[in-house]
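Work through the exercises below with the sequence and the model open side by side. Each task is followed by a solution in steps.

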Amino acid sequence: MAQWSELQEISRLFLRLGFTAFGGPVAHIAMMHDEVVKKRHWLTEQEFLDILGATNLIPGPNSTEMAIHLSFKRAGWWGLLMGGLSFTAPAVGLMLLCAIAYQQFGTTPQGTWLLYGVKPVAIAIIAQALWKLGKKAIKNKFGIGLAVFNVVLSLVGLHELWLLFLSGFIGLGKKLGGQWLKTKQTRSIVPAPFLLLLNGTPTNFSLGWLFLMFLKVGAVLYGSGYVLVAFLRADFVERLGWLTDQQLLDAIAIGQITPGPLSSTATFIGYLLGGVPGAGVATLGMFLPSFLFVAILNPILPKLLQAKSFRAFLDGVNIGALSLMTVVTVFLAQSSLVDPLTIGVAIATLFLLIKYKINSLWLVLGGMAIGLLSPFLPS
């Protein structure tokens, strides 16, 4: 059983990281590496890299799952719970406060101006993440062709879950030379009854359905936290009509100015739809799969890391996720880049991100300032 001193150490470390981890999952993971490898010597460089590779093989927010993996390595099952909860709690709490403030002041002139300046910054940040991830995931003509194919499927209305898994199977099929339907791996990757359950569409809003919708997202979220936008828009805006594009983009924009995983956007949306109970069930649905995946898969992940067929499947899934992200980014840009000022802010943000690699937090704060000043600028 874990020592109480180890649990206290885990709690202190990941609470502090949860309050200070700005800049996206890459920055979060770099901070964890500095703390657990260089400063505390909990594990070696190779062990850290192995855990990082394992994290990339399972769905969910990568930085949260890294916190869970590292805490499990340090203090077993109690460590797993303590580390994951400590890292996510600050982001969840701050997003809940932001959601309350948004409902109170989001439609006031000041709130509208504030978000007017932040949203084009958010679009630029997503576009830059899409470009960086795309360069890593799309490595050849086959990848480009698969990405274009997925964009077309998304535009004609194929459900995003089926698109992801179709993309994964195509990648696997190329790797195994057309024989993948006969392999054991493909029969075990996707439990069809589970997918049918996740594809259910509620007729009316309820907390139970809110939980299941976020459970689905948490269970299949590959690629990047920004892919979350694609799933949320497909479910909550297009199919269910529970949110507007405006509310979704506001939620993502606010998620940029809070530390921790972007997946805490679930808390914000849950509060908008169902108050504090809605925030609770949405948060639970979003993060529960991460804890379960780490707990269940930890013993077999070393073998999965060595399975080339599994890696090929996930490479295809990642291309599918990026394709979805591209389509959604274009749709959201249409509702946020509405005049020369917002277009200029987005272009300037993209330039600063690419050329000078400025932390996204400062860019979001700059967007807020521009938004507040916008009524006084010449039109």
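The exercises that follow concern a predicted model.

**Exercise 1. Salt bridges between helix 1 and its surroundings**

Task: Find which residue forms a salt bridge with Arg 40, and state where the two partners lie.

Solution.
- Step 1. The partner of Arg 40 is Glu 9, and the closest N and O atoms of the pair are 3.7 Å apart. A salt bridge requires a distance within 4 Å, so the pair qualifies.
- Step 2. Arg 40 sits in the loop between helix 2 (25–39) and helix 3 (45–56), while Glu 9 belongs to helix 1 (residues 4–20). The two are 31 residues apart, and the pair links distant parts of the chain.
- Step 3. The relative accessibility of Arg 40 is 28%, so Arg 40 counts as partly exposed.

**Exercise 2. A bridge from helix 2 to helix 1**

Task: Describe the salt bridge between Glu 35 and Arg 16, and decide for each partner whether it is buried, partly exposed or exposed.

Solution.
- Step 1. The closest N and O atoms of Glu 35 and Arg 16 are 3.0 Å apart.
- Step 2. Because Glu 35 is in helix 2 and Arg 16 in helix 1, this salt bridge ties together parts that are 19 residues apart in sequence.
- Step 3. Buried means under 20% relative accessible area. Glu 35 has 5%, so Glu 35 is buried.
- Step 4. Arg 16 has a relative accessibility of 39% and therefore counts as partly exposed.

**Exercise 3. A bridge from helix 11 to helix 10**

Task: Characterise the salt bridge between Asp 235 and Lys 216, then place salt bridges in the whole structure.

Solution.
- Step 1. In this pair the closest N and O atoms are 2.7 Å apart.
- Step 2. Asp 235 lies in helix 11 (residues 227–239) and Lys 216 in helix 10, so the bridge ties together parts that are 19 residues apart in sequence.
- Step 3. Asp 235 is buried, with a relative accessible area of 1%. Lys 216 is buried as well, with a relative accessible area of 1%.
- Step 4. Elsewhere, salt bridges with shared partners join Glu 9, Arg 16, Asp 34, Glu 35, Lys 39, Arg 40 and Arg 74 into one network.
- Step 5. A search of the whole structure gives 12 salt bridges.

**Exercise 4. Two crossing helices**

Task: State how helix 10 and helix 13 are oriented to each other.

Solution.
- Step 1. Helix 10 covers residues 207–220 and helix 13 covers residues 265–297; their axes come within 8 Å and cross at roughly 40°.
- Step 2. Angles under 35 degrees would count as roughly parallel, and 65 to 115 as roughly perpendicular. Helix 10 and helix 13 are therefore oblique to each other.
- Step 3. The crossing of these two helices is right-handed.

**Exercise 5. A nonpolar patch**

Task: Identify which residues make the nonpolar surface patch and which helices supply them.

Solution.
- Step 1. The patch of about 540 Å² is made by Phe 351, Tyr 356, Ile 358, Trp 362 and Leu 365.
- Step 2. At least two of the patch residues come from helix 16 (340–356), and at least two from helix 17 (360–373).
- Step 3. Tyr 356 is in helix 16. Its relative accessible area is 51%, so Tyr 356 is exposed.

**Exercise 6. Positive phi in loops**

Task: For His 41 and Lys 357, give phi, location and exposure.

Solution.
- Step 1. Most residues other than glycine have a negative phi.
- Step 2. Phi of His 41 is positive, near 55°. His 41 is in the loop between helix 2 and helix 3, and with a relative accessible area of 60% it is exposed.
- Step 3. Phi of Lys 357 is also positive, near 55°. Lys 357 is in the loop between helix 16 and helix 17, and at 69% relative accessibility it counts as exposed.

**Exercise 7. Residues far apart in sequence**

Task: Compare sequence separation with C-alpha distance for Gly 171 and Phe 310, and for Ser 374 and Leu 341.

Solution.
- Step 1. Gly 171 and Phe 310 are 139 residues apart in sequence, and their C-alpha atoms are 9.8 Å apart.
- Step 2. Gly 171 is in helix 7 (residues 160–175) and is buried, with a relative accessible area of 11%.
- Step 3. Ser 374 and Leu 341 are 33 residues apart along the chain, with 8.6 Å between their C-alpha atoms.
- Step 4. Ser 374 is in the segment after helix 17 and is buried, at a relative accessible area of 15%.

Key. Residues numbered from 1 in each chain as written. Predicted model: local features only at pLDDT ≥ 70, side-chain atom pairs only at ≥ 80, totals over all residues. Heavy atoms only, no water. Patch = residues over 30% accessible without salt bridge, like charges linked within 9 Å, V, L, I, M, F, W, Y side chains within 5 Å. Areas by Shrake-Rupley, 256 points an atom, 1.4 Å probe, with all protein chains shown as cover. Salt bridge = Lys/Arg side-chain N within 4 Å of Asp/Glu carboxyl O. Helix = DSSP H or I, 4+ residues; strand = E, 2+ residues; numbered from the N terminus. Buried < 20%, exposed > 50% of the residue type's maximum accessible area, 1.4 Å probe, protein only. Axes fitted to C-alpha atoms, helices over the stretch in contact; angles between N-to-C directions. Parallel < 35°, antiparallel > 145°, perpendicular 65-115°, else oblique. Left-handed = near helix turned anticlockwise from the far one by under 90°.
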